[in-house]
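User: I should like to understand the terms used to describe this assembly. Please set each value against its definition.

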Amino acid sequence: MTSTDTTTAGVDIESLNLSFDDTHVLKGIDLSIEPGEFFAFLGPSGSGKSTLLRAIAGFGPTPTGRILIGGEEIAHLPPWKRNVGMVFQSYALWPHMTVRKNVAFGLEERKVPTREIATRVDAALEMVGLLDLADRRPAQLSGGQQQRIALARTIVVEPRVLLLDEPLSNLDANLRVQMRRELRELQQKLQLTTIFVTHDQEEANTTSDRMAVLNDGVIQQVGTPMELYDNPANLFVATFLGTANVLSGVVEDADGGAQFNAVDGAQIPVDSAERGSRNLMFRPQNVVIAAADTCADADGVRLTGTVRHVEFLGSIIRYGVTIGADTVLVDDRHQQGAPVFAPDSQVSLLLPRDQLMVLES
Amino acid sequence: MASAFKPGQRGPALAGGLIALFLIFFLVVPVVQVVLVAFQDPNTGAPTLINFVDFFTTSLFQESFVNSFYVAAMSVVVATIIAIPLAYFTTRFNFSGALLIQTLGIIPLIMPPFVGAVAMTLLFGANGSVNLLLDEWFGFTIPFMEGLNGVIFVESIHYFPFILINLSAALNNIDRSMEESAQNLGANGVRLFRRIVFPLAMPGYVAGAALVFIKVFDDLGTPLLLNINNMLAPQAFLRITSIGISDPMGYVISVILVAFSLLSLWVSLLALRGKDYSTVQKGGGGLMRRDLRTWEKIGCYAVVILILLLVLSPHLGLLLLSFGTIWSYSVLPDAYTFEHYVTVFSEASGYITNTLLYAGLAALFDVIIGTAIAYIVWRTGLPGRKWLDYGATAALAVPGVVIGIGYLRTFHSFNVPIIDQPLASWWVIIVVALTIRRLPYALRACMAALQQVSIMLEEAAENLGATKGRTVWRVVVPLMSGGILAGFVTSFATASVELSATLMLVAVDSDAPLAYGIYEFMQSASGRGPGAALGVIGVLFVGLGTYFSHRIIERSRASRESTAVVAEGATA
Amino acid sequence: MNNHKSGFVRVASLALALSLLAAPLSLPAVDGTLTIVTSYPKDTTGTFKKAFEKKYPNVKVEMLKKKTTAGIKYLQETAGSNTADMFWASAPDAFEVLKGDDLLIKYQVKVKGIPEKVGSFPINDPDGYYKGFAASGYGIMWNTRYLKAKKLPAPAEWADLKKPVYHGHVGMSAPSRSGTTHLTVETLLQGKGWEKGWAEWKAMAGNFKTVTERSFGVPDGVNSGQFGVGIVIDFFGLSSKASGFPVEYVYPTVTTLVPANIALVKNGPNPEAAGAFIEYLLSAEGQELLLDPKIRRLPVNPATYAKAPAGFPNPFKDSSIGSAVKFDLGLSKGRYNVINSLFDVMITYRLDDLRDTTKAIQDAEAAMAGKSNAQAADLIAQAKALVNEVPVDEATASKKEFNGIFKKKRKKSTTQVTGRQAEVEQEWDAMVKANYAKAKSLAEKAKSML
């Protein structure tokens with residue numbers, strides 16, 4: 001049975017496992033995407049994010065588990081019956097057809113009457129702002145234009161879900177920023193459930209409502225960008241999204257609470273119920289660097305160390321401070337005229353307690 | 001004068017000049033001569049169109065023209081029909097018989113079509129094996145070999161590998177995302193094929209089809225042996241040999257053959273220009289493949305085996321004929337014997353040695369000239385270098401018959417010094433004809449080989465002190481070796497079975513190569529057994545050569561790839 | 001020192017003089033290369049080459065294979081710088097052409113035992129230019145298995161081949177492509193007369209399955225069973241049979257025995273070896289080679305027949321072979337090219353039309369059997385007349401100027417030409433095509449009446 005429902009739908013994936021010959025690539029994926037959401041699959045290369053996306057579209061080896069779109073099981077349907085629109089990384093525009101014919105393709109397959117095809121194609125091209133290029137061939141278009149045509153081709157058939165496979169990675173840097181904003185606007189206008197695969201956290205952060213971080217075929221964490229950033233579930237997510245300071249050590253009982261005993265000797269009180277070998281993570285921008293004799297306030301922790309290197313990053317001065325055997329990165333906002341600590345100087349690092357996170361490895 | 005060339009260009013310029021002279025003397029001049037005679041009044045020598053008028057108003061020639069066209073077109077069609085399922089199986093499925101299909105593609109090429117023609121008549125003729133059985137069991141016969149059908153049948157079986165190779169390559173060049181995006185938008189099956197796969201594969205296919213068309217159009221040996229004379233090439237041959245070297249009709253036909261060849265080449269070029277749809281992207285090229293279900297596997301193998309039988313039938317028939325005593329109006333020969341092989345080895349070893357010599361020399365010249373032209377075109381900025389390429393490739397448009405006629409006409413009064421013999425009847429002219437005819441293929445192989453050698457490898461050598469010449473010898477040629485060897489073997493294999501030009505140029509029996517020997521032996525009223533035996537030897541000989549060359553190329557490619565992997569690994 | 005030198009010189013010049021004197025006393029050496037232009041197949045040339053080279057080890061024999069017509073052209077074209085020593089072919093008229101072009105030289109045969117005539121034909125050229133070494137007749141061969149399977153009777157006479165039962169089962173070559181076929185056609189024309197002869201050929205040709213490109217194509221076709229009956233020169237039939245093929249051969253009554261010939265070419269490079277070759281051919285040993293199963297030609301030395309196998313035709317004993325027609329070589333020579341073109345235009349290139357028309361006529365006649373319908377009979381007669389019409393009469397066919405149209409123009413020719421070959425042939429073709437079409441419709445009409 002072909003799915004003919006065209007209102008946007010949510011995507012549910014249950015216990016999805018997929019292998020290429022002997023390699024187990026997707027391991028037990030469970031995921032729920034809300035209708036109308038702009039959802040990102042983020043991860044390093046080889047993490048399985050593209051494979052997962054293609055599995056939803058119906059390409060690649062058959063997985064075990066369930067894929068539901070709007071509550072309907074689609075895992076057994078061939079790609080041409082799923083009605084999920086996919087934009088390929090290479091755009092995959094057919095070189096032997098004009099732009100117009102490319103965009104009209106899906107409608108022709110759906111036996112839409114010719115009149116209506118013409119109207120809808122024009123509307124779709126209008127939406128991406130390229131109606132005047134309708135009679136050109138793909139070879140005559142720039143990368144950005146091709147990408148928009150690929151998009152138009154997909155949305156004109158009004159799919160229930162839109163899948164984008166690294167759509168911006170073939171564009172140059174400035175174009176990328178512009179395009180991701182336009183994509184977001186378009187998606188919001190159409191209220192279309194969209195899944196977007198990328199390895200670039202900035203793209204994921206700026207465009208998605210929620211995202212899933214994948215590593216080695218396993219979903220590490222699902223949540224909004226800020227959630228994942230502020231409360232990473234594990235070390236991988238913490239270090240993948242943004243810069244992190246990580247100290248390893250042991251969490252033990254201490255005066256009615258817990259204390260983190262770092263390997264290098266620092267002892268830091270933490271609010272955590274966990275005990276045993278752990279990592280302590282905190283972000284560079286949450287550390288305050290001050291003169292060596294500055295004290296911490298009640299909610300803070302103080303560490304002392306020596307400045308090892310200083311990097312001027314424009315709006316930020318990044319210090320590398322040695323504490324024991326570790327080097328801690330501190331991002332200090334640069335204000336014109338403010339004092340800069342020199343290498344080899346003794347400094348105090350003040351960490352607010354609630355910014356400390358205890359993570360498993 | 002020396003200052004006109006940059007340092008390091010004098011060598012190539014000299015080589016280029018010599019090659020140009022060679023091409024002019026042995027390609028341009030004879031063909032121009034033929035064209036001129038066609039436009040000359042045979043009595044007065046004045047320019048005239050009267051010969052062409054005579055040609056087109058004579059019903060025999062009109063018929064020949066139409067027949068040649070029809071046969072060539074139908075051969076393309078039938079060859080395509082044979083090739084399509086095989087191309088489909090190898091590009092669409094993970095078909096374990098892919099190697100089998102590759103071998104299938106080589107088998108026909110190692111036997112000249114005219115040798116197969118004789119065997120095919122015995123197998124598929126009106127009273128041949130297949131029809132005798134059909135008539136006995138089912139009461140009907142199929143006119144496989146009646147009239148023009150016979151030519152079409154034999155030619156398509158021989159030439160379908162060209163179509164197969166081009167079709168497979170064209171299909172393999174289509175990026176997978178082209179198909180996936182179409183499927184994503186709802187297309188599947190036949191519609192998908194018709195709208196996406198077919199149009200993207202077309203240019204590659206047309207290029208191959210046009211080539212097959214010319215080859216069939218120009219073929220002399222097959223129609224001759226099948227006793228079909230109302231086609232253009234046989235008519236040209238007959239006119240020149242029966243009526244004489246001054247008969248204008250032979251030249252008129254030559255002009256028409258050349259014109260059509262040029263037309264086909266042009267069509268082929270047009271098809272590829274600007275429509276090169278090969279886009280190899282991340283994720284790999286080629287269509288999506290899937291595994292076969294068991295019954296599908298059986299079906300595929302059944303089709304492949306059927307085609308294999310068809311393709312092997314000339315070879316089988318030839319084998320039977322070579323071992324058979326008498327084969328007359330029966331499904332199989334009456335009895336079997338080794339006698340024919342004995343006859344051949346005692347009487348015909350001269351043909352084999354001649355072939356080794358001629359084809360070997362021709363192939364050698366071809367790769368030397370081919371490498372030189374490739375280097376001059378791609379690595380030097382010499383003016384007019386493109387014309388070397390065009391000139392050498394132009395030989396594709398000149399059929400063997402026309403080369404033969406042209407050489408006879410141009411060189412029969414030209415006496416070679418020392419030997420004091422007309423050039424047209426000296427065995428070396430056969431080598432020259434073979435060289436010219438096979439040069440385009442060798443050139444393409446050399447060009448492909450050269451383009452795989454990064455220019456930076458040469459620059460590194462020059463940076464370290466090697467002259468241009470030393471660089472070419474120590475760096476470029478060794479790196480091209482696989483491609484050069486491929487070019488050599490292809491030239492050799494095709495030259496050793498060339499008949500069209502040979503038939504016209506062989507003067508004495510002792511100068512005759514293999515193909516001619518087979519042709520001669522096949523005209524014995526006491527039986528064709530020895531001819532078939534010679535044919536089998538020729539086929540084995542070419543087949544083995546091809547096999548060994550493939551092994552060598554594979555080995556050189558593997559060694560190149562392993563060094564590449566090592567290099568990559570070192571930088572990872 | 002001077003004495004030594006002058007002494008040495010004297011001795012040397014004396015030795016030289018002696019050797020020069022000695023030279024004419026020795027026989028000319030038979031060595032070097034012997035180049036023979038020949039239309040014979042490998043079976044014949046190979047056998048003789050091997051035997052001759054065995055006898056004269058210093059000679060290397062080179063065979064230039066050319067069809068008779070091509071061979072003539074070749075010798076004409078290379079006359080200025082001739083490299084060929086001999087011309088070895090069947091048709092005497094080909095030799096006449098070469099003789100007329102002054103391309104041969106006379107030779108005096110030393111071997112004894114060769115009679116003047118075979119059948120009613122002189123064996124050697126009375127002018128002494130070319131020599132006969134074997135005799136050949138023309139006749140019919142057939143495949144016994146084929147005839148059995150298709151239930152056809154074995155033929156015996158030319159007239160048999162006109163019968164409807166053989167429709168589509170007969171093969172032959174064309175005079176323009178085969179010297180021997182040319183002789184066959186001429187023989188029947190001379191035997192039956194111009195009109196009747198052509199009528200006979202057309203009626204037979206109406207039964208043809210094919211006109212082969214080479215004379216060899218006929219025995220080949222019969223041997224392999226492609227068609228059942230072939231019109232061939234005798235040695236094709238006899239050697240096929242001797243090689244084991246299921247075929248038989250017969251001489252019809254109207255046939256002639258014509259010698260196959262060999263001659264020395266003028267200005268040949270090696271006349272000594274050439275002479276030796278002729279002597280060998282005509283010697284007892286050489287004549288015996290003709291009996292080889294692969295060759296099977298009739299020797300011209302009557303003594304050789306003692307060694308022949310049983311049943312081998314012997315024209316010197318059996319006078320029925322080849323006596324019906326006294327072959328006029330001059331007549332044949334005079335209209336050589338016209339015959340070639342006529343046959344091609346009327347038969348070879350119009351075979352399909354002729355075949356269909358003949359079938360229609362045969363069907364009409366079959367329908368007419370036993371009935372009497374004057375109108376239908378008349379239509380059939382008309383149809384046949386149309387088919388038999390020849391665009392050229394016998395007299396014109398022999399005219400020198402007319403023949404000149406069909407020759408290639410040579411620079412030193414002074415003959416006037418009234419039209420071009422292509423033009424004339426196109427006229428003929430148009431006439432013949434129209435005739436056949438009309439005849440066919442007449443025959444069909446006749447049949448519909450019956």
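Analyst: A residue is called buried if 20 or more other C-beta atoms lie within 10 Å of its own. In this predicted model, 40% of the 361 residues of chain A count as buried.

User: What makes up chain A in terms of helices and strands, and what does the C-alpha trace span?

Analyst: Chain A has 8 helices and 20 strands. Along its principal axes, the C-alpha trace of chain A spans about 80 × 50 × 35 Å. Among contacts in chain A between residues at least 6 apart in sequence, 66% join residues at least 24 apart.

User: Why are helix 3 and helix 7 of chain B called oblique to each other?

Analyst: Two packed helices are described by the angle between their axes and the distance between the axes. Helix 3 of chain B and helix 7 of chain B, residues 148-172, pack at an angle of about 45°, with their axes 5 Å apart. Angles under 35 degrees count as roughly parallel, and 65 to 115 as roughly perpendicular. The angle of about 45° belongs to neither class, and helix 3 and helix 7 of chain B are therefore oblique to each other.

User: What is the hand of that crossing, and which classes of residue form the contact?

Analyst: The crossing of helix 3 and helix 7 of chain B is right-handed. Their contact has 18 nonpolar, 8 polar and 1 charged residues.

User: How do you know that chain B touches chain A, and which helices of chain B take part?

Analyst: Two residues are in contact if their C-beta atoms lie within 7 Å. By that criterion, 18 residues of chain B are in contact with 19 residues of chain A. Helix 8 (176-184) and helix 9 (189-218) of chain B each supply at least two residues of this side. Helix 8 of chain B gives the most, with 7 residues. By class, the side of chain B that touches chain A has 8 nonpolar, 7 polar and 3 charged residues.

User: What makes up the side of chain B that touches chain C?

Analyst: Here 40 residues of chain B are in contact with 46 residues of chain C. The helices of chain B that each supply at least two residues include helix 2 (50-57), helix 3 (59-92) and helix 5 (113-124), as well as helix 11 (232-243) and helix 22 (514-521). Helix 11 of chain B gives the most, with 3 residues. By class, this side of chain B has 15 nonpolar, 20 polar and 5 charged residues.

Notes:
Residues numbered from 1 in each chain as written. Chains lettered and ligands numbered in written order. Predicted model: local features only at pLDDT ≥ 70, side-chain atom pairs only at ≥ 80, totals over all residues. Helix = DSSP H or I, 4+ residues; strand = E, 2+ residues; numbered from the N terminus. Nonpolar A, V, L, I, M, F, W, Y, C, P; charged D, E, K, R; others polar. Axes fitted to C-alpha atoms, helices over the stretch in contact; angles between N-to-C directions. Parallel < 35°, antiparallel > 145°, perpendicular 65-115°, else oblique. Left-handed = near helix turned anticlockwise from the far one by under 90°. Buried ≥ 20, exposed ≤ 12 C-beta atoms within 10 Å, placed from the backbone.
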